[in-house]
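I set out to record how the strands and helices of this chain are arranged. The entries below follow the order in which I looked things up.

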Amino acid sequence: MDFTDALRNIEGLTKNEVGCWLFEYQYNQAQIETYILSEQGTVDNHIRMYVIITIPNESESLKSIAIIKDKDDRYLFNGLWPKLSFFEVYDYIKTGKSITPFWEDWVKRLEQLDDDDLQIEQKAASHERIWEVANNKKGKSKDDLNIYPKSLKRRAVRNNKRNKISKNQQSKIKEIFGDEALWILKQSIFTITFSPNPLDQKTINLMDLPEE
């Protein structure tokens, strides 16, 4: 989904300054919070975004938004959404069996965003809110929470052999990055470490791995 106009509007409103902003609205019966963090050292446009959905029974779900640029210099977005909390909010944001209308509406709102729609937030409070929702352990194992790619890690060598990527790790890499990415990692000396904190998430380019 093309995110270029929305991103340009956000950059204009935040003036590429370091800070945190919050945009809130209602969608059906769900409360939607979009946290916009502009930070030094983040990739390309400095913007990091997190969407929190709260439904009437107070269940919450957080989606970490990854902004990427395609070969035509358009900005697109995707991101990670924990399965368990996604299914808790799904009925409140779906149209038929699709959530595409929800995201189309979200992008349109961001394209039309103005200064009056944005609340300036304290960095510490924003980070605490994002971490609080992401780290809700209800019904989740530690591994369920560790879904945010953090870094590349060299696999250890034992008895002159490189450790294999565990089946659990392979499953997670395949789900998030796809089959080709898993194949590339298997041929390399690396694996990926994951964090339960979406604020730790980093962009990892598996097509350009470091020299071995």
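I began with a term: I take two strands as paired if DSSP finds at least two bridges between them. With that in mind I looked up Cys20, which stands opposite Leu37 in β2.

**Entry 1. Confidence.** I noted that the model is predicted. The mean pLDDT of the protein chain is 86, and 92% of its residues reach 70 or more. I then compared the elements: helix α3 (residues 100-111) has the highest mean pLDDT, 96, and helix α5 (residues 142-145) the lowest, 70. I kept in mind that where pLDDT is low, the predicted coordinates should not be read in detail.

**Entry 2. The sheet.** In what order do the six strands form the sheet? I read β5-β4-β3-β2-β1-β6, in an open sheet with antiparallel pairing. The edges are held by β5 (75-80) and β6 (119-121); each has a single partner strand, so one side of each is left without a neighbour in the sheet. I found that neighbouring strands are turned by 30 degrees against each other on average, direction ignored.

**Entry 3. Helices on the sheet.** I looked up helix α2 (residues 83-93), which packs on the sheet and touches β1, β2 (30-38), β3 (47-54) and β4 (60-69). The direction of α2 makes about 90 degrees with that of β4. Helix α4 (residues 123-134) also packs on the sheet, where I list its contacts as β1, β2, β3, β4 and β6. The direction of α4 makes about 130 degrees with that of β2.

**Entry 4. Strand β1.** I turned to β1 (residues 19-27) and its antiparallel partner β6, to which three bridges join it. Within this pairing I recorded Leu22 with Gln119 of β6, and Trp21 with Ile120 of β6. With β2, strand β1 also runs antiparallel, and nine bridges join the two. Their hairpin has two residues between the strands, and I noted that Asn28 there takes a positive phi near 55 degrees. Is β1 largely enclosed or not, and why? I count it as largely enclosed by the rest of the structure, because seven of its nine residues are buried.

**Entry 5. Asn9.** Finally I looked up Asn9, which is placed in helix α1 (residues 4-14). Leaving aside residues up to four places away in sequence, I found that Asn9 touches Leu110, Glu111, Gln112 and Leu113. For Glu111 I recorded a distance of 3.2 Å from its backbone oxygen to a polar atom of the Asn9 side chain.

How values were computed:
Residues are numbered from 1 along each chain as its sequence is written. This is a predicted model: local features need pLDDT of at least 70, side-chain atom pairs count only at pLDDT 80 or more; totals for chains, interfaces and linings use all residues. Side-chain values use heavy atoms; hydrogens and water are left out. Helices (H or I, at least four residues) and strands (E, at least two) are DSSP runs, numbered from the N terminus. Axes are lines fitted to C-alpha atoms, for helices over the stretch in contact, and angles run from 0 to 180 degrees between N-to-C directions. Contact means heavy atoms within 4.5 Å. A polar contact is a pair of N or O atoms within 3.5 Å; within protein, one must be able to donate a hydrogen and the other to accept it, and residues adjacent in sequence count only if both atoms are side-chain atoms. pLDDT is the predictor's confidence in each residue, from 0 to 100. Buried means under 20% relative accessible area, exposed over 50%, partly exposed in between (1.4 Å probe, protein chains only).
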